[in-house]
Amino acid sequence: MKEFYEQIIEDFNNKESFNNVFNKLDFSYKPTFILYLPRVGSTFLQQILLCTAKIGYISNLTAAFWNKPEIGSSLHSKFFNDSFISNFNSSYGNTVGIFEPHEWGFFWRKWLDIPSNEIYYNPESKINWDKLRSKLIVIEKILNKPLFFKTPYANNYFKEIDTYIVKSNVIFLFRDPYSICNSILKARKNKYNSLSVFFSSKPKDHSLVIKISNPIEQVIAQVFYIYNDLLELRSSLMRSSYITIKYEDIITKFDSTIKKILDFTDNNYEKYLKNKDLLPIFDNRNEVNFFDDKYKKEFNYFFQKYFKDFNYENL
């Protein structure tokens with residue numbers, strides 16, 4: 001019997017419609033979404049998991065066919081081998097290598113009706129949830145594994161995804177907010193040579209941060225309001241539907257943290273035990289220099305303004 005991906009490739013080569021193959025399909029597994037803030041190591045975590053768990057993820061190969069994901073997913077399935085080990089290289093969420101993970105921005109912006117990569121939530125979106133659901137089901141069938149997504153757009157659309165597509169699992173990925181703010185400012189400086197150019201995702205109500213003119217305060221507010229969005233969402237979910245993972249625990253409690261994720265996603269430890277000794281030793285990125293000491297007093301003032309009552313340890 002042909003694998004599902006083989007049928008897709010054959011039909012594509014024969015220029016036949018895929019529609020008959022896709023009729024009346026449903027999810028076989030519950031998808032998992034990583035919901036996260038900027039600069040928390042989300043790409044890093046996904047690279048770890050694709051080496052240690054059986055997950056259906058979006059690779060650079062799949063993402064290259066973002067408007068025809070049936071083809072990209074089929075090619076991924078045909079050539080991917082479970083012995084693959086990530087190169088663990090990334091630059092601001094971008095990776096190099098056909099099987100390295102991808103955020104799939106073009107796909108999500110198309111289907112969530114988001115007009116620009118500067119926007120992370122469109123209150124006037126006209127979304128065909130049935131068609132998007134069908135697309136994701138087909139990708140799951142082709143990959144033949146539980147789907148695993150890492151996209152900043154899911155932060156603001158997860159309730160709708162959970163309602164209109166399928167009940168999903170969530171991994172909330174957090175990091176000490178002081179380190180996040182420092183890392184974003186460092187990214188602005190290194191990537192744009194300016195602290196005033198906005199970097200990365202925005203809270204659901206992006207007017208909360210766009211109107212702030214001081215770039216130090218803007219970054220700290222950006223992190224504060226995204227944290228608020230995620231914590232509010234988390235409080236609305238059933239406790240069994242999510243876990244909370246901290247970047248610091250990935251570094252200092254690697255084995256127990258990865259096993260916690262494997263348990264949550266119904267993965268056994270077989271692949272992890274086989275590959276864990278092939279993974280590199282990871283540096284703690286919280287132990288980095290402050291982005292620019294001349295701004296430290298100002299940074300600390302605004303950080304205290306927003307985060308004085310925020311208890312990261314108890315999240």
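**Cavity, sheet and core of the predicted model**

The largest cavity is lined by Asn 155, Asn 156, Ser 201, Lys 202, Pro 203, Lys 204, Ile 226, Asp 229 and Leu 230. Two elements, α8 and α11, each give two or more residues to this lining, and α11 makes the greatest contribution, with three residues. The structure described here is a predicted model, and a search of the whole of it finds two cavities of 30 Å³ or more, the largest of which holds about 40 Å³ of space. Rolling a probe the size of a water molecule over the atoms shows where empty space is left.

Attention turns next to the sheet. Four strands form an open sheet in the order β2-β1-β3-β4, and their pairing is parallel. The strands β2 (148-150) and β4 (242-246) occupy the edges, where each has a single partner strand, so one side of each is left without a neighbour in the sheet. From one strand to the next, the twist averages 20°. Strand β1 (residues 32-36) is joined to β2 by three bridges, the two strands running parallel, and within this pair Thr 32 stands opposite Phe 148 in β2. On the sheet also packs helix α8 (residues 153-164), which touches β1 and β3 and whose direction makes about 140° with that of β1. Helix α3 (residues 42-52), in turn, lies across β1, β2 and β3 (169-174), and runs at about 160° to β2.

The pairing of β1 with β3 is likewise parallel and extends over five bridges, with Tyr 36 standing opposite Leu 173 in β3. Five bridges also connect β3 and β4 in the parallel sense; here Ile 171 stands opposite Ile 243 in β4, while the bridge partner of Phe 174 in β4 is Lys 246.

How many of the residues of β3 are buried? Six of its six residues are buried, and the strand is thus described as mostly covered. In a regular strand the side chains alternate between the two faces of the sheet. In β3, Asn 169, Ile 171 and Leu 173 point one way and Val 170, Phe 172 and Phe 174 the other way, and all are buried. For β4, five of the five residues are buried, so this strand is largely enclosed by the rest of the structure, although β4 stands at an edge of the sheet. From β4, Tyr 242, Thr 244 and Lys 246 point one way, whereas Ile 243 and Ile 245 point the other way, and all of them are buried.

Burial is also found among the helices. Helix α5 (residues 69-79) is mostly covered, since eight of its eleven residues are buried; among them are Pro 69, Glu 70, Ile 71 and Gly 72, and the list continues with Ser 73, Ser 74, His 76 and Ser 77. In the largest nonpolar core, which has 96 residues, Trp 108, Leu 136 and Tyr 227 touch the most other members. The largest share of this core comes from α11, which gives eleven residues. Leaving aside neighbours within four places in sequence, Tyr 227 is in contact with Leu 37, Phe 174, Arg 175, Pro 177, Ile 180, Phe 307, Phe 310, Tyr 312 and Leu 315.

The loops hold several further residues of interest. Ile 212 is placed in the loop between α10 (207-210) and α11 (215-236), and it counts as buried because its relative accessibility is 13%, which is under the 20% limit for burial. Apart from neighbours within four places in sequence, Ile 212 is in contact with Glu 217, Gln 218, Ala 221 and Tyr 306. Between Ile 212 and Gln 222, which are ten residues apart in sequence, the distance in space is 9.8 Å from C-alpha to C-alpha.

Most residues other than glycine have a negative phi, and most peptide bonds are trans. Trp 104, however, has a positive phi of about 65° although it is not a glycine. Trp 104 is found in the loop between α5 and α6 (105-111), and with a relative accessibility of 1% it counts as buried. Asp 113, which is also a residue other than glycine, has a positive phi near 60°. This aspartate, Asp 113, lies in the loop between α6 and α7 (129-143) and is partly exposed, its relative accessible area being 30%.

Key: Residues are numbered from 1 along each chain as its sequence is written. This is a predicted model: local features need pLDDT of at least 70, side-chain atom pairs count only at pLDDT 80 or more; totals for chains, interfaces and linings use all residues. Side-chain values use heavy atoms; hydrogens and water are left out. Buried means under 20% relative accessible area, exposed over 50%, partly exposed in between (1.4 Å probe, protein chains only). Contact means heavy atoms within 4.5 Å. A nonpolar core is a set of buried Ala, Val, Leu, Ile, Met, Phe, Trp, Tyr and Cys residues joined through side-chain atoms within 4.5 Å. Two strands pair if DSSP finds at least two bridges between them. Axes are lines fitted to C-alpha atoms, for helices over the stretch in contact, and angles run from 0 to 180 degrees between N-to-C directions. On a 1 Å grid over the protein atoms alone, a cavity is a set of points where a 1.4 Å probe fits but cannot get out, and a pocket is an open set with protein on both sides within 12 Å along at least five of seven lines; lining residues have an atom within 4 Å of a point. Grid points are joined across faces, edges and corners, and a volume is the space filled by probe spheres set on the points.
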